[in-house]
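User: Could you walk me through this protein one question at a time? I would like to see how its parts fit together.

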Amino acid sequence: KERGAVRCVVRRPSLLSCPGCKRFSVCAACVGAGRMRWHTYECSVYQTFNGMDKAGESATVRMLVRYKLSTEPKVGEWCDDKEPISLLTSLQANPTDVPPDQLANLARLTSLPSKDVANLIYQVRTNACEVQRHGSKAGCALSVLMGWHNHDCLPNAQPTVDEDGRVAVRALRNIDEGEEVKISYIDALQDYDERRKTLEQHYGFECKCDRCATEKKAALKRNMDLKRNYLAGQRR
């Protein structure tokens, strides 16, 4: 089922460049849908940046600018067929290590409170899904409905981003009626210790799924056996 779409921000020769800022491109479909008109608001913000700020522009700045514009009544959401940016506030935001000077600079550029800047960055890092084009990473996509899925180290579904930019959650096996659809927030091929560390550091929780419970019990047994063997060796 479709869960939104990746925004057309990949710079490619085949895309149509904005004649105003000359920095961003959109595809023909976006132009046909009238999204270039929305970009005029976005473009006007970039025109206020000085040369150094423009040189340091990033996808993070664009995300923050779009968030700010979407909350302004005269502008609103940039299109009607994607998830509202305002729904971002419903996503979990686990604090990560972002340098204070970077947050201050982003807040200055976008005229957003530092608290809002930090929260949006945390939400992206906690919930974003990697976008691949032709087998290599091209960016990340943020889908609110995808972010609402709970984690399991033996997931029955996985988030994907199609070549046309559509974000979807696809079943990995048959899912029974009434069974919760769960995805893995991390690489499920990692061993127990690696998964536990990643989940605690980046997502702030200890996973207690069936797989983790089984592997935790096995790890405790191994440690007890090692301790028992060590003590037995000391008595000899």
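**A loop and the helices around it**

User: Leaving aside its neighbours within four places in sequence, which residues is A93 in contact with?

Analyst: Before we start, please note that this is a predicted model, where local features need pLDDT of at least 70, side-chain atom pairs count only at pLDDT 80 or more, and totals for chains, interfaces and linings use all residues. Residues are numbered from 1 along each chain as its sequence is written, and side-chain values use heavy atoms, with hydrogens and water left out. Taking contact as heavy atoms within 4.5 Å, and skipping neighbours within four places in sequence, A93 meets N119, Y122, Q123 and T126.

User: Is A93 buried, partly exposed or exposed?

Analyst: A93 sits in the loop between α4 and α5; helices (H or I, at least four residues) and strands (E, at least two) are DSSP runs, numbered from the N terminus. Buried means under 20% relative accessible area, exposed over 50%, and partly exposed in between (1.4 Å probe, protein chains only). Because its relative accessibility is 24%, A93 counts as partly exposed.

User: L88 is in the loop between α4 and α5 too; what is its relative accessible area?

Analyst: Not counting residues up to four places away in sequence, L88 touches Y67, L120, Q123, L142 and V144. The C-alpha atoms of L88 and L120 are separated by 7.8 Å, although these residues are 32 apart along the chain. L88 counts as buried because its relative accessible area is 10%.

User: At what angle do α4 and α6 pack?

Analyst: Axes here are lines fitted to C-alpha atoms, for helices over the stretch in contact, and angles run from 0 to 180 degrees between N-to-C directions. The axes of α4 (residues 59–70) and α6 (residues 114–127) lie 11 Å apart, and the packing angle is about 115°.

User: How many residues of the contact of α4 with α6 are nonpolar?

Analyst: α4 contributes T60, M63, L64 and Y67, while α6 contributes V117, L120, I121 and V124. Ala, Val, Leu, Ile, Met, Phe, Trp, Tyr, Cys and Pro count as nonpolar, Asp, Glu, Lys and Arg as charged, and the others, Gly among them, as polar. With one polar residue and no charged ones in this contact, the nonpolar count is seven.

User: Which residues touch the most other members of the largest nonpolar core?

Analyst: A nonpolar core is a set of buried Ala, Val, Leu, Ile, Met, Phe, Trp, Tyr and Cys residues joined through side-chain atoms within 4.5 Å. Elements giving two or more residues to this core are α2 (35–46), α4, α5 (100–110) and α6. Out of its 24 residues, those touching the most other members are V61 and V117.

User: What arc do the buried residues of α5 cover?

Analyst: In α5, the buried residues are L103, L106, A107, L109 and T110. On the other side of α5, P100 and D101 are exposed. Measuring the arc by the directions from the helix axis to the C-beta atoms, the buried residues are on the same side of α5 because they cover only 165°.

User: Which residue follows α5 with a positive phi?

Analyst: Most residues other than glycine have a negative phi. The residue in question lies in the loop between α5 and α6 and counts as exposed because its relative accessibility is 53%. With a positive phi of about 60° although not a glycine, this residue is S111.
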